[in-house]
Amino acid sequence: MTTISYPDTPAAESNPGAFRLLLSRPLPAISFFLVCGYVLLALLTLIPAFTRAATDPLLQLDLPDGTSITEYAPPSLRNFPSRLLGTDIQNRSVFYRTLYGTRTALTITLFASALSLGIGVVLGVSAGYFGGWLDEFVTWLVATFSAVPDVLLLISLGFILKPIDLGFLGWRDADGSGMPIPELAVIIFALGLTGWVGICRLIRGEVLKLRSFDYVSAAKALGLSEARILFRHVLPNTLHLVIITFTLGAIGYVQAEVFLTFLGLGVSDAPSWGRMIDDAKLELLRGVWWQFASATVAIGVLSLALSLLGDALRDVLDPKTRSRR
Amino acid sequence: MWAYILRRTLLMIPTIFGVLLLTFALFNLVAKDPARVVAGRNATPEVIEATRAKMGLNKPAFFNPAATTRPVAITSGPLAGTTRDKSTLERVGAFFDSRFFDLARFKFPNSIRSDRPVMEIIREKAPVSLAIQVPAFLISLGAQLAIALFVASRRGSGIDVSVTLLCVASLAVPSLSLYIAFQWLLGAKLQLFPVAGWETGIYAIQYAALPIVCAVFLSLGAGVRFYRTVVLEEVSADYIRTARAKGVSEVDTMLVHVLRNVMIPVVTNTVTALPFLMFGAIISERLFQIPGLGGLLVEAVFNQDHGVVMAVTYITAVFYCLALLLSDICYTLADPRVSLR
């Protein structure tokens, strides 16, 4: 079957050169590999052998008078790598905490992005493509959610979701009390329900534009079903927005986790960068800088890399800038 | 122009109604019953009911048809013990005596900690927050514009590149880290300011200084980046080239020509930032122990204080809607072409 190329087809439908173009310049390439490095580190923590190493008891540091102290140990090269970045008040290795913090941060980012992108894309595409009262409703919903400031909506959602117990679903503890929503789920829901607004707006605008393109009218004239038009023609041409929003949104999610932990709405049973920075409030006054520094540097480098990567992706994937090249 | 303003105002009404619905749905339908949270895990249903009554939560959610019955008991005065009939107006009013319309009337359940009306607490604490946020906002706006104009006029130079890099870097680091670092550096290490605390009256200046400095530095990153883009767009316009060709000095070009036309996004940003001046300084108020509205919100979250969190969310959202409306109107006043669309 011969493939017909319609005159108005946006080239985003098949764009093999984009990735190579992205990696051709030094700064985006470095950012990309940095982000991949973070993801690999997070995956590394899932390996059982690695997990065992992190929980081995640390060797005691011996002082001249025979006592031993391990809390707040400064960074040193002994007991590599657990003492590399020092220890915190509970004798936990800052190095391993930073590493496991990567896992927490990326888990939150992944699931919160999935939720917000899912909601945003579905609502945006339906509003843009079908129009009518659905469009009016989604526009009203977007206006309402953007009227409440992000921070406050986040806090409100976290505040509301935290005490809810799922006892009504029949899941109960041994003593009959209901099961509270896991902290990670609370954060993910709160972030997901706050973050869908931006992508919804973007996608709705893009779909409104695509709807007027010739190839969509041609597909309708050919009698293709709405579903096929949506999934094969409209949706793939909005993917560039999804990728860019995912990359740039990840920065917001990582930093929101820090903010939520500061307010007491974060994870308390898993190591997280937010917890490390929150603990650092009191530690800095005692001269203990290593936990604060490693968490801040970890977040800073990741945010910087994601920001540069997002800007580069925008240059590469946005059809407007591409057609000019 | 008035037609445009009227149109924008009418369009704002569904949004405010949406905010009302959203807040109500979140706090009264989705949230766990605050009386249950306050009464504790093992409370009996009677205790929970009593707590609900005490907190003023035993009204129905949307409408109250049961309250529209005519006879109402007289509990005090010479006629105590008898009943009287409600007037029609009273009965209509009673129909709308529900939690939804309480929220619409800005009537929130009392704060759990101090059992005072939330609006009273907000009215007390607002001046403290504003005393820090307003100076910080004004200073940072001036600084952002000055730096943006300075950097944009030297585009591509070393100063431009390094300032841009600094802005990007300051956005990468979480704001909590920057606050803690500043607090440690300027307060504890260099001992320039007191680390935390608050005093009323004129003595508040020493305690307000560090939060203001921190807020200004933190806002520079995003602000300079945004205004730099806006100014660069203006600077590439033809009339600027004409002004330079005419011999207008660089300073005058920037201040007289560019700044005036850049005012539109500046005004929009300023007006929409106003609602956040009251509630926005959450991190800094908690770190510096300032008894303002941000600290109130954080405490309310820690104490499961339902009414306060609901009140702060709703009030800020309504203010934000009004601020958006106001900024649209200012936009029309600044750029007459807008209302002709």
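Axes here are lines fitted to C-alpha atoms, for helices over the stretch in contact, and angles run from 0 to 180 degrees between N-to-C directions. The model is predicted.

**Exercise 1. Decide how helices α4(A) and α12(A) are oriented, and list the residues where they meet.**

Step 1. Take the geometry. Helix α4 (residues 94–130) of chain A packs on α12(A) at an angle of about 30°, and the axes are 10 Å apart.

Step 2. Apply the cut-off. Angles under 35 degrees count as roughly parallel. Therefore α4(A) and α12(A) are roughly parallel to each other.

Step 3. Add the handedness. The crossing of α4(A) past α12(A) is right-handed.

Step 4. Find the residues. α4(A) contributes Val94(A), Thr98(A) and Gly101(A). α12(A) contributes Trp290(A), Gln291(A), Ser294(A), Ala295(A) and Ala298(A).

Step 5. Sort them by class. This contact of α4(A) with α12(A) has four nonpolar and four polar residues, and no charged ones.

**Exercise 2. Do the same for helices α8(A) and α9(A).**

Step 1. Helix α8 spans residues 214–221 of chain A, and helix α9 spans residues 226–234 of chain A. Their axes come within 11 Å and cross at roughly 150°.

Step 2. Angles over 145 degrees count as roughly antiparallel. So α8(A) is roughly antiparallel to α9(A).

Step 3. α8(A) passes α9(A) in a crossing that is right-handed.

Step 4. On the α8(A) side are Tyr215(A), Val216(A), Ala219(A) and Lys220(A). They meet Ile229(A), His233(A) and Val234(A) of α9(A).

Step 5. By class, the contact between α8(A) and α9(A) holds five nonpolar residues, one polar and one charged.

**Exercise 3. Describe the make-up of chain A, then the side of chain A that touches chain B.**

Step 1. Count the elements. Chain A has 13 helices and zero strands.

Step 2. Check burial. Chain A has 325 residues, of which 42% count as buried.

Step 3. Look at contact range. Take the contacts in chain A with a separation of 6 or more: 68% of them join residues 24 or more positions apart.

Step 4. Turn to the partner chain. 34 residues of chain A are in contact with 38 residues of chain B.

Step 5. Ask which helices supply the chain A side. α5 (132–147), α6 (150–161), α10 (239–262), α11 (273–283) and α12 (290–317) of chain A each give at least two residues. α12(A) has the largest share, with seven residues.

Step 6. Classify that side. It divides into 24 nonpolar residues, nine polar and one charged.

**Exercise 4. Find the largest nonpolar core and trace the contacts of Leu154(A).**

Step 1. The largest nonpolar core has 142 residues.

Step 2. Those with the most contacts inside this core are Leu154(A), Leu191(A), Ile277(A), Ile180(B), Leu297(B) and Ala311(B).

Step 3. Leave aside neighbours of Leu154(A) within four places in sequence. Leu154(A) is then in contact with Ala190(A), Leu191(A), Thr194(A), Ala256(A) and Leu260(A).

Step 4. Another core, of twelve residues, lies apart from the largest one. Among its members are Val151(B), Ala152(B), Tyr227(B) and Met254(B).

**Exercise 5. Is Thr316(B) buried or exposed, and which residues is it in contact with?**

Step 1. Place Thr316(B). It sits in helix α14 of chain B.

Step 2. Count neighbours. Thr316(B) has 25 C-beta neighbours inside 10 Å, so it counts as buried.

Step 3. List contacts beyond four places in sequence. Thr316(B) is in contact with Pro149(A), Leu152(A), Pro275(B) and Phe279(B).

Step 4. Add a distance. Thr316(B) and Phe276(B) are 40 residues apart along the chain, and their C-alpha atoms are separated by 7.4 Å.

**Exercise 6. Locate Gln289(B) and Gln304(B), and give phi and exposure for each.**

Step 1. Recall the background. Most residues other than glycine have a negative phi.

Step 2. Gln289(B) has a positive phi, near 55°. Its place is the loop between α12 (282–287) and α13 (293–302) of chain B. Gln289(B) has 12 C-beta neighbours inside 10 Å, so it counts as exposed.

Step 3. Gln304(B) also has a positive phi, about 55°. Its loop runs between α13 and α14 (306–334) of chain B. Gln304(B) has 16 C-beta neighbours inside 10 Å, so it counts as partly exposed.

Technical notes:
Residues numbered from 1 in each chain as written. Chains lettered and ligands numbered in written order. Predicted model: local features only at pLDDT ≥ 70, side-chain atom pairs only at ≥ 80, totals over all residues. Helix = DSSP H or I, 4+ residues; strand = E, 2+ residues; numbered from the N terminus. Parallel < 35°, antiparallel > 145°, perpendicular 65-115°, else oblique. Left-handed = near helix turned anticlockwise from the far one by under 90°. Contact = placed C-beta atoms within 7 Å. Nonpolar A, V, L, I, M, F, W, Y, C, P; charged D, E, K, R; others polar. Core = buried A, V, L, I, M, F, W, Y, C linked by C-beta atoms within 7 Å. Buried ≥ 20, exposed ≤ 12 C-beta atoms within 10 Å, placed from the backbone.
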